[in-house]
Amino acid sequence: MSTTSAISFKNINRLAIPAIIAGIAEPLISLTDIAIIGNVDTNPIEALAAAGIVGSFLSAIVWIVAQTKTAISSIVSRHLGSNRLHAVKTLIPQAIAFNFLFSLVIYAVTAFFANSIFSAYNAEGLILNYAEEYYQIRAIGYPLTLVTFAIFGVFRGLQNTLWAMKCSLTGALVNVGLDYLLVYGVEGYIPAMHLKGAAIASLVAQAVMLIMALWFFFKKTPFHLKLSFNINPQLKGLLLMAGNLFIRTAALNFAIYLANAYATGYGKNYIAAQSILMNIWLFFAFFIDGYANAGNAIGGKLLGAKDYVSLWELSKKISKYSVLIALILMGICALFYNEIGLIFNKEASVLVLFSSVFWLVLLMQPINAIAFMFDGIFKGLGEAKYLRNLLLVATFLVFTPILLIGDYFGLKLYAIWIAFFAWMLIRSSALVFQFRRKYLKKEI
């Protein structure tokens, strides 16, 4: 029987709107850091460049290792749809423990090699020193973030994104407040700590989010954190799905790394402008991703119930909503085109570069919306292998060649964002084609 209530406007937005607010909290933390750091009195361009490089690397690592969140959400939602939640009760603490232990390994390795990592981004001199100092503090937050994300995956699988929203929103507000206090300082009370202060503010915000997430987990869900030494039979499937998503997200972040490495090589003004462009792009991505999260949660549940009619309707409705959100974001940014750059930096040379390319970032937003939305649905359906292969093709056979060709002809930031445009176009087109091919025939 078709569960039409699951794909109603009200039910989709009940999941999507809190997911949007929760999703933008993490990039909002980075945007806040960049906006405040980019306006300090001492070496603002170097500080902005360092924060942008570190922010991109942090996002890359978190995206890669936090894919267990998506895998958990997919498995929980499918078991919820088939009324078999009891089968995954021991899986949840095992998955969260895996995230915690893995995050400690990531911290130990990357913190030790921080200088080499950011040198690979073409950072040097003061930018490299700033980046290393900023990262050494921010990296302490890996265990906090990855455990929080795993718990958020449980919430989403249970068709609830409100709890994650409350945690993320609180964390973002804490970060904004502490950024002002610690970066600029309070005369006579708190010394100005600049980049170090921004890093500490982010760390405290992550701790607050974890504490709140644990409270909701224990009070509101049927799960616990007691580890069983009998490995849950679903753990292998979860880790396999997460592994495919690790590879997929590594390819995704290779594209971001390559873009930032080339921008850094063009000069400090270019990487400063690229830092603003990339963080705005990521902010839009997380914003639109709220509907992808709704598609992830509802899609998994519908697949568990074998309701292919509603699954097809879900894809059409969420596509419409996500494209509408993208158009609204484009319109707002078009109205305040020049003012947006001034929020992050006052250097004329940086703003000229930013303004010359920002229109291209805006133009791709509807295409991004389709790609992100189908990404979410495919994750909910457990289609991690297809997502992996698609990202590998899009990154190494589309993005990289276009960037290299554009760089050869001296297009610089244009080369980077034309490559991103083509990258997103291939992703969105292939996902729509595969969904129609595989699931439309089941609906019929």
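This is a short walk through one predicted protein model, from the whole chain down to single residues.

Hi everyone. Before we start, two notes on how to read the values. The model is predicted, so local features need pLDDT of at least 70, side-chain atom pairs count only at pLDDT 80 or more, and totals for chains, interfaces and linings use all residues. Residues are numbered from 1 along each chain as its sequence is written, and side-chain values use heavy atoms, with hydrogens and water left out.

Let's begin with the whole chain. How many helices and strands does the chain have? There are 17 helices and zero strands. Here helices (H or I, at least four residues) and strands (E, at least two) are DSSP runs, numbered from the N terminus.

The C-alpha trace spans about 60 × 45 × 35 Å along its principal axes. The radius of gyration, taken over C-alpha atoms, is 21 Å, which agrees with the value near 22 Å for a compact globule of 444 residues. That globule rule is 2.2 Å times the number of residues to the power 0.38.

Of the 444 residues, 60% count as buried. Buried means under 20% relative accessible area, exposed means over 50%, and partly exposed is in between, using a 1.4 Å probe and protein chains only. Among contacts (heavy atoms within 4.5 Å) with a separation of 6 or more, 84% come from residues 24 or more positions apart.

Now, two helix pairs. Take α7, residues 142–157, and α9, which covers 194–220. Their axes come within 9 Å and cross at roughly 35 degrees. Axes are lines fitted to C-alpha atoms, for helices over the stretch in contact, and angles run from 0 to 180 degrees between N-to-C directions. This crossing is left-handed. A crossing has that label if the near helix is turned anticlockwise from the far one by less than a right angle, and is right-handed if clockwise.

Who makes the contact? On α7, the residues include Leu-144, Ile-151 and Phe-155, while α9 contributes, among them, Leu-203, Met-209 and Phe-217. By class, there are 14 nonpolar, three polar and no charged residues where α7 meets α9. For these classes, Ala, Val, Leu, Ile, Met, Phe, Trp, Tyr, Cys and Pro count as nonpolar, Asp, Glu, Lys and Arg as charged, and the others, Gly among them, as polar.

The second pair is α12 (308–335) with α15 (365–380), whose axes come within 8 Å and cross at roughly 145 degrees. Is the crossing of α12 and α15 left-handed or right-handed? It is right-handed. Residues including Leu-314, Ser-322 and Met-330 in α12 meet residues of α15, including Pro-366, Phe-374 and Ile-377. That contact has 12 nonpolar, four polar and no charged residues.

Time for some single residues. Is Arg-427, in helix α17 (413–443), buried or exposed? At 1% relative accessibility, Arg-427 counts as buried. Leaving out residues up to four places away in sequence, Arg-427 touches eight named partners you can find on screen, among them Arg-248, Asp-375 and Leu-390.

Gln-94 belongs to helix α4, residues 91–112, and it counts as buried because its relative accessibility is 7%. A polar atom of the Gln-94 side chain lies 3.1 Å from the backbone nitrogen of Asn-232. With residues up to four places away not counted, Gln-94 also touches Leu-227, Ser-228 and Leu-235, among others.

Next, two loop residues with positive phi. Asn-83 lies between α3 and α4, and its phi is near 55 degrees, although it is not a glycine. Gln-159, in the loop between α7 and α8, has phi near 70 degrees and is also a residue other than glycine. Asn-83 is exposed, because its relative accessible area is 67%, whereas Gln-159 counts as buried at 8%.

Last, two more loop residues. Phe-113 sits between α4 and α5 and is partly exposed at 42%. Phe-113 and Glu-132 are 19 residues apart in sequence and 9.5 Å apart in space, C-alpha to C-alpha. Ala-192, in the loop between α8 and α9, is partly exposed with 42% relative accessible area. How far from Pro-222 is Ala-192 in space? They are 45 Å apart, C-alpha to C-alpha, and 30 residues apart in sequence.

Thanks for listening!

Technical notes. A polar contact is a pair of N or O atoms within 3.5 Å; within protein, one must be able to donate a hydrogen and the other to accept it, and residues adjacent in sequence count only if both atoms are side-chain atoms.
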